[in-house]
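Colleague: I am new to this one, so could you walk me through it and tell me how each label is earned?
Modeller: Gladly; let us look at it together.

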Amino acid sequence: MSNQRAIQVSGLTKYYGETLALDHISFEVERGEIFGFLGPNGAGKTTTIRALTGLSRLTSGEALILSLDVRSEILEIKKHIGVVPEISNLYDELSAFDNLLFMAQLFGVPRSQRRARVEALLKMFGLFERKNSLFRTLSRGMKRSLTIASALVHNPQILFLDEPTAGLDVLAAHSLRNLIHNLREQGITIFLTTHYLEEADFLCDRVAILLKGKILKVGTPDSLKAMAEEEPVMEFTFPRGNSRIVKGLSLKLPELKVIPVDDTRIRIYGGTPSYVLKSVLEFSKEKGVEMLSVNSIKPSLEDAFIKITGLSPTVMRVEKEKRTNAAG
Amino acid sequence: MRRDNLRGIFYIVWKDMRTYYLKPPAISWGIAFPVVWILAFYLRNPKSFGELLPGLVAMTILFSTTAAEAVVINFELRLGSLERLLLAPVSLPAVLVGKILGGALFGLMTTTVVTAGSAIALGVHPHILYLILIVIPSLLAFAALGAFLCVSVKEVFEAQTLLNLPRFLMIFLSGVVYPVSAMPKALQYVAYFMPLTYTVEGLRQAFSEGSIYLVLIEALILLFFFLVFLFPAFGLLRKKFE
């Protein structure tokens with residue numbers, strides 16, 4: 001295995017009791033890249049991070065971080081990695097400054113450098129003005145930023161981010177994504193999990209699509225999109241309440257994938273555009289359903305995800321809403 | 001690695017002192033409860049209060065350390081911040097030792113205030129060396145007992161409820177208010193399996209300037225209890241992160 005790899009995982013399997021959480025997954029992450037794990041709830045994203053960072057034991061398989069073995073050299077590994085869990089779990093009773101200072105103490109940042117490092121991070125994340133505010137008084141976006149800053153106090157080579165923007169408003173999520181991008185510019189390798197397709201597309205150099213503990217595909221967002229491009233995608237808009245229409249079209253076009261995008265839009269994967277359009281027009285006429293618009297779609301990562309997993313993107317959106325509500 | 005662990009233990013104790021010692025469950029169970037008991041016994045019979053003092057100091061050690069463990073462990077288990085400590089280059093046993101020392105230090109502060117206050121008020125002069133020899137292993141043993149029980153539940157209130165079972169059993173069977181020697185034989189045997197019995201007996205020696213050999217034996221037994229609670233606590237915590 002090459003030293004150029006930041007993370008090398010081979011046949012990683014994890015059982016929780018009788019439940020198989022990770023099923024022989026293998027992947028490699030290059031130094032300096034942003035690598036994303038994309039998948040719905042229960043796919044095994046967080047389990048992978050926990051296994052790679054020593055928070056849970058591997059049932060079988062091999063995992064190397066910076067060529068160090070996760071099983072036997074985890075304390076040495078921890079000196080070189082930063083981990084941002086899904087929940088911002090710093091200490092409510094400590095100020096922003098004291099939280100970072102405690103992490104610097106815990107990670108053994110030399111005493112002479114601690115304060116300067118903490119102040120630099122507070123400035124970098126736009127929190128210097130709030131350095132004396134207790135963690136519990138910060139907004140959700142600020143808590144998330146501070147949690148990421150706390151994972152950087154010891155200048156890690158690899159940063160693990162578990163759902164970094166979950167529960168954040170659009171503006172806070174956008175600003176955090178830019179920050180993550182900047183971290184990569186500083187040479188930090190980033191391993192992130194997300195169920196936001198657009199986040200994976202915007203941030204990641206390569207993406208692994210994970211479902212039920214298995215990696216289905218690994219590639220750059222463009223290469224995954226190109227897979228979806230092999231077959232045409234057409235999008236139709238109907239009035240609200242299209243589950244009946246999806247059912248009807250699936251029966252009419254059993255050889256094609258008919259997937260609801262939301263309550264009004266339906267995408268049909270495969271078939272020639274003329275055949276699909278003719279069939280949908282027929283269906284529309286037969287059932288007396290008004291078609292509002294039709295478009296030929298340039299495939300997105302969402303389309304690639306649908307093609308690879310067979311899941312509707314609504315699964316991910318429902319999960320996104322649940323998380324936002326839980327965090328709120 | 002040892003240096004990393006020692007540094008981790010030191011800063012975990014320091015952070016816990018700043019973060020948790022003024023939390024309501026620590027104040028109510030760790031300070032208010034033993035103080036109220038002591039006042040109640042004093043007001044009921046001020047003349048014979050001196051005889052009860054070793055038992056009441058022992059009870060203070062028991063309540064203050066175990067209450068602190070519930071706070072320093074369960075607040076973090078609930079909020080997920082215990083995981084944060086495990087993400088640092090500090091081993092799991094070192095994290096738990098930090099938590100145990102945090103509880104023991106809280107107990108030491110409470111016990112020092114209660115013992116010094118009572119000794120001054122009553123004009124008694126306990127043997128300081130004997131006191132140190134018995135109080136330190138007691139603090140460690142009960143902090144480890146607290147840690148052992150607290151790591152098996154998540155919420156602070158669950159931990160306090162679980163802790164009340166051994167606490168009240170020991171208060172009634174370990175000679176805090178009623179001498180072990182005056183209890184039925186069967187209960188005396190039960191009392192010998194309880195660490196508080198040795199704390200009470202050791203403190204009696206300290207308050208009456210009794211035998212150093214007895215104090216040393218009680219201290220060794222308490223250190224044995226410390227280890228008996230410590231290793232299963234490691235195991236339970238490790239199981240949480242499997």
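**Around Phe160(A)**

Modeller: This is a predicted model. Apart from neighbours within four places in sequence, Phe160(A) is in contact with Ile7(A), Ile49(A), Leu52(A), Thr53(A), Ile65(A), Ile81(A), Gly82(A), Val83(A), Val84(A) and Phe191(A).

Colleague: What makes these residues count as being in contact with Phe160(A)?
Modeller: Contact means heavy atoms within 4.5 Å, so each residue listed has a heavy atom within that distance of Phe160(A).

Colleague: Which residues have the most contacts inside the largest nonpolar core?
Modeller: They are Ile7(A), Phe27(A), Ile65(A), Leu159(A) and Phe160(A), in a core of 168 residues. Helix α3 of chain B, residues 49–79, gives the most to this core, with 17 residues. A second, separate core has 16 residues, including Phe238(A) and Leu253(A).

Colleague: Why is the pair Lys79(A) and Asp4(B) called a salt bridge?
Modeller: The closest N and O atoms are 3.0 Å apart. The cut-off is 4 Å between a side-chain nitrogen of Lys or Arg and a carboxyl oxygen of Asp or Glu, so the pair qualifies. The count between chain A and chain B is 4 salt bridges.

Colleague: Which element gives the largest share of the side of chain A that touches chain B?
Modeller: That is α3(A), with 5 residues. By class, this side has 12 nonpolar, 7 polar and 9 charged residues.

Colleague: How many residues does each chain bring to the contact?
Modeller: Chain A brings 28 residues and chain B brings 27 residues. Between them the chains bury about 2600 Å², 58% of it on carbon and sulfur atoms.

Definitions and conventions
Residues numbered from 1 in each chain as written. Chains lettered and ligands numbered in written order. Predicted model: local features only at pLDDT ≥ 70, side-chain atom pairs only at ≥ 80, totals over all residues. Heavy atoms only, no water. Buried area = accessible area lost by both parts, 1.4 Å probe. Helix = DSSP H or I, 4+ residues; strand = E, 2+ residues; numbered from the N terminus. Nonpolar A, V, L, I, M, F, W, Y, C, P; charged D, E, K, R; others polar. Core = buried A, V, L, I, M, F, W, Y, C linked by side-chain atoms within 4.5 Å. Buried < 20%, exposed > 50% of the residue type's maximum accessible area, 1.4 Å probe, protein only.
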